[in-house]
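Let's take a walk through this fold, one strand and one loop at a time. Keep the viewer open as you read.

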Amino acid sequence: QVQLVESGGGLAQAGGSLRLSCAASGRTFSWYAMGWFRQTPGKEREFVAVISWNGGTYYADSVKGRFTISRDNTKNTEYLQMNSLKPEDTAVYYCAAARTPSRESHNYDYWGQGTQVTVSS
């Protein structure tokens with residue numbers, strides 16, 4: 001089992017920045033690819049970014065160049081640095097763990113509880 005806890009969400013103005021963290025406990029964190037997804041009411045969960053166990057990264061086109069995913073295996077933590085925020089980035093953000101990097105939410109075995117990000121115009 002892997003337990004994931006997100007933090008760092010909140011309110012930001014358009015053009016501003018936020019940094020999300022996801023702390024993991026349980027099975028060996030470094031074995032897993034770690035992803036970020038987001039969801040707004042009435043919509044399916046949307047892929048944001050994923051980082052492999054050795055640091056390879058992949059991003060959704062909508063966030064490429066603005067968001068940066070990273071991980072610190074010594075702290076069992078992954079991060080999502082979000083810059084140049086837009087109102088359309090408003091969502092609940094979830095971190096998740098998978099055995100291999102994937103853009104598909106059904107490939108993830110473990111999920112955090114989510115953290116709200118709200119971007120005002």
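## A buried arginine

Which side chain of opposite charge is nearest to the buried Arg71, and how far away is it? Bear in mind that this is a predicted model. The nearest one belongs to Glu78, 6.8 Å away, and Arg71 has no salt bridge even though it is buried. A salt bridge would need a side-chain nitrogen of Lys or Arg within 4 Å of a carboxyl oxygen of Asp or Glu.

So what does the side chain of Arg71 reach? One polar partner is the backbone oxygen of Tyr32, at 2.8 Å. Another is the backbone oxygen of Ser52, which sits 3.0 Å from a polar atom of the Arg71 side chain. Leaving out residues up to four places away in sequence, the contacts of Arg71 include Phe29, Ser30, Tyr32, Ala33 and Met34. Ile51, Ser52, Trp53, Thr77 and Glu78 are also among the residues that Arg71 touches.

## The sheet around it

Arg71 is part of strand S7, which covers residues 67–72. That strand belongs to an open sheet of four strands, ordered S1-S3-S8-S7 and paired antiparallel. Strand S1 (2–7) and S7 are the edge strands, each pairing on one side only. On average, neighbouring strands here are turned by 15° against each other, direction ignored. As a reminder, strands of a sheet pair through backbone hydrogen bonds, either parallel or antiparallel.

S7 and S8 run antiparallel and are joined by six bridges. Arg71 stands opposite Glu78 in this pairing, and Glu78 is also the nearest side chain of opposite charge to Arg71. The hairpin of S7 and S8 has four residues between the strands, and Asn76 takes a positive phi near 55° there.

## The other side of S8

Strand S8 (residues 77–82) also pairs with strand S3 (residues 18–26), again antiparallel and through six bridges. Glu78 turns up here too, as the bridge partner of Cys22. A little further along, Leu20 stands opposite Leu80. How many of the six residues of S8 are buried? Five of them are, so S8 counts as mostly covered under the cut-off of under 20% relative accessible area.

## Strand S9 and its partners

Strand S9 (91–98) is another mostly covered element, with seven of its eight residues buried. S9 pairs with S4 in the antiparallel sense over seven bridges, and Gln39 stands opposite Val92 in that pairing.

S9 also runs antiparallel to strand S11 (residues 115–120), joined by three bridges. Val92 is involved here as well, with Gln116 in S11 as its bridge partner. With S10, S9 pairs antiparallel over two bridges, and Ala97 has Tyr110 as its bridge partner in that strand.

## Three loop residues

Buried or exposed: which is Ser102? Ser102 is in the loop between S9 and strand S10 (110–111), and it counts as buried because its relative accessible area is 10%. A polar atom of the Ser102 side chain lies 2.9 Å from the backbone nitrogen of Glu104. Setting aside residues up to four places away in sequence, Ser102 touches Phe37, Phe47, Val50, Asn107 and Tyr108.

Trp31, in the loop between S3 and S4, is exposed because its relative accessibility is 54%. Trp31 touches Trp53 and Arg99, not counting residues up to four places away in sequence. The C-alpha atoms of Trp31 and Ala98 are 8.9 Å apart, with their positions 67 residues apart along the chain. Then there's Glu44, in the loop between strand S4 (33–39) and strand S5 (46–51). Glu44 is exposed because its relative accessible area is 73%. Arg38 and Gln39 are its contacts once residues up to four places away in sequence are left out. The C-alpha atoms of Glu44 and Ser105 are separated by 9.7 Å, although the two residues are 61 residues apart along the chain.

Definitions and conventions:
Residues are numbered from 1 along each chain as its sequence is written. This is a predicted model: local features need pLDDT of at least 70, side-chain atom pairs count only at pLDDT 80 or more; totals for chains, interfaces and linings use all residues. Side-chain values use heavy atoms; hydrogens and water are left out. Buried means under 20% relative accessible area, exposed over 50%, partly exposed in between (1.4 Å probe, protein chains only). Lys and Arg count as positive and Asp and Glu as negative; His and the chain ends are not counted. A polar contact is a pair of N or O atoms within 3.5 Å; within protein, one must be able to donate a hydrogen and the other to accept it, and residues adjacent in sequence count only if both atoms are side-chain atoms. Contact means heavy atoms within 4.5 Å. Two strands pair if DSSP finds at least two bridges between them. Axes are lines fitted to C-alpha atoms, for helices over the stretch in contact, and angles run from 0 to 180 degrees between N-to-C directions.
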